[in-house]
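Work through the following exercises with the sequence and the 3D structure open beside you. Try each task on your own before you read its solution.

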Amino acid sequence: MYKWKEYYKKSKDVFGDSSTSVYDLTIQTNIDTKLNFDSDYYKLIDNIRDKLDNQFNINESISHSGNALFIDDCFIFEDEFSIIVENYLRDYLEKNIFGSYIHCDHVTLYKTPQSNSAPVNSWLWHFDNSPLEQMKVMIYLNDVNDKNGAFEILRNENSKDGLKVHSSRIDNTNWRGKKEWSFKYKNIEWKSTRIPRELFPHISADGYIPYKVVGNKGHVSIFDNNIIHRGSLPSEGFRYAVVFQFKPIDKKLKKIFGKSITGNGAKHPTFDKDPTFMWDSTKPDLL
């Protein structure tokens, strides 16, 4: 089995680009112009939004988890998401983020409604503790401001970078489970992907402050899974979002997104020790 770092190097060698690296990225926002969005893109976003409204109105195939409502089968939107991934994301991610061919290995689609509930799960400050070679792309499917559930990160006031935590899941030879987790920032150690309160004075002293990513429908954020982040809870309205996860691959696929190769929804595992593995979302036992 390849180590993640080894497989990424192989993938970059096949692609022929050594200058671009996922290791250099924490987060990119406000890049809509770089992704060549056109009127067709925004029509597609409107179509997804309308279908989502209907899905939540009829309340079918929806699960509640944490502070959000998740679509159980994201491939209800397979045609729309395929166009977004292939026509608008793929080329930019390969050339400007990974420097390699890529594969979309997971998709999640959800709604964060207004609620009086306390924040839990991904609505607490956390990091994903995933392999270093993966990236997420979040797309807002409705207009999002600082009151209706914006994605939030800890961002350095000067560099505008997010704050990374070193993952315990590096590769198949260095893959520590929950009982073995141990993370460290400065002299503080903790054993959870949730960020302890005592860490925040040190984070603040280093120039990192909470930053809400706001944007209109279709807005894209590309980010390292291991930066400290959370979803904020809406005081009014709601947020629709789709999150695609990408990883390097050592070949050029005809399509990088689809039922046969992409993990489906919140109930599906998001990554594997083996960087070459592809989820088969058509198998019920994986859902």
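**Exercise 1.** How do the residues of the lining of the largest cavity divide into nonpolar, polar and charged?

*Solution.* Keep in mind throughout that this is a predicted model. Begin by listing the residues that line the largest cavity, which are W4, D105, K247, F271, D272, D274, F277 and W279. Then sort these residues by class, which gives four nonpolar, no polar and four charged. To complete the description, add that this cavity has a volume of about 40 Å³, and that the count of cavities of 30 Å³ or more comes to one.

**Exercise 2.** Describe the largest pocket, its centre and its lining.

*Solution.* Start with the volume of the largest pocket, which is about 910 Å³. Of the 34 residues that line the pocket, S122, H126, D128, K136 and T270 are the closest to its centre. Next, look for the elements that give two or more residues to this lining, and you will find the strands β4 (101-113), β5 (135-140), β13 (229-231) and β14 (238-249). Finally, divide the lining of the largest pocket by class, which yields 12 nonpolar, 15 polar and seven charged residues.

**Exercise 3.** Is H103 buried or exposed?

*Solution.* First locate H103, which has its place in strand β4. Then compare its relative accessible area with the cut-off: H103 is buried because its value is 0%, and buried means under 20%. As a last step, leave aside the neighbours within four places in sequence and list the residues in contact with H103, namely Q245, F246, K247, I249, L253, I256, I261, F277 and M278.

Notes
Residues numbered from 1 in each chain as written. Predicted model: local features only at pLDDT ≥ 70, side-chain atom pairs only at ≥ 80, totals over all residues. Heavy atoms only, no water. 1 Å grid on protein atoms, 1.4 Å probe; cavity = no way out; pocket = protein on both sides within 12 Å on 5 of 7 lines; lining within 4 Å. Points joined across faces, edges and corners; volume = space filled by probe spheres on them. Helix = DSSP H or I, 4+ residues; strand = E, 2+ residues; numbered from the N terminus. Nonpolar A, V, L, I, M, F, W, Y, C, P; charged D, E, K, R; others polar. Buried < 20%, exposed > 50% of the residue type's maximum accessible area, 1.4 Å probe, protein only. Contact = heavy atoms within 4.5 Å.
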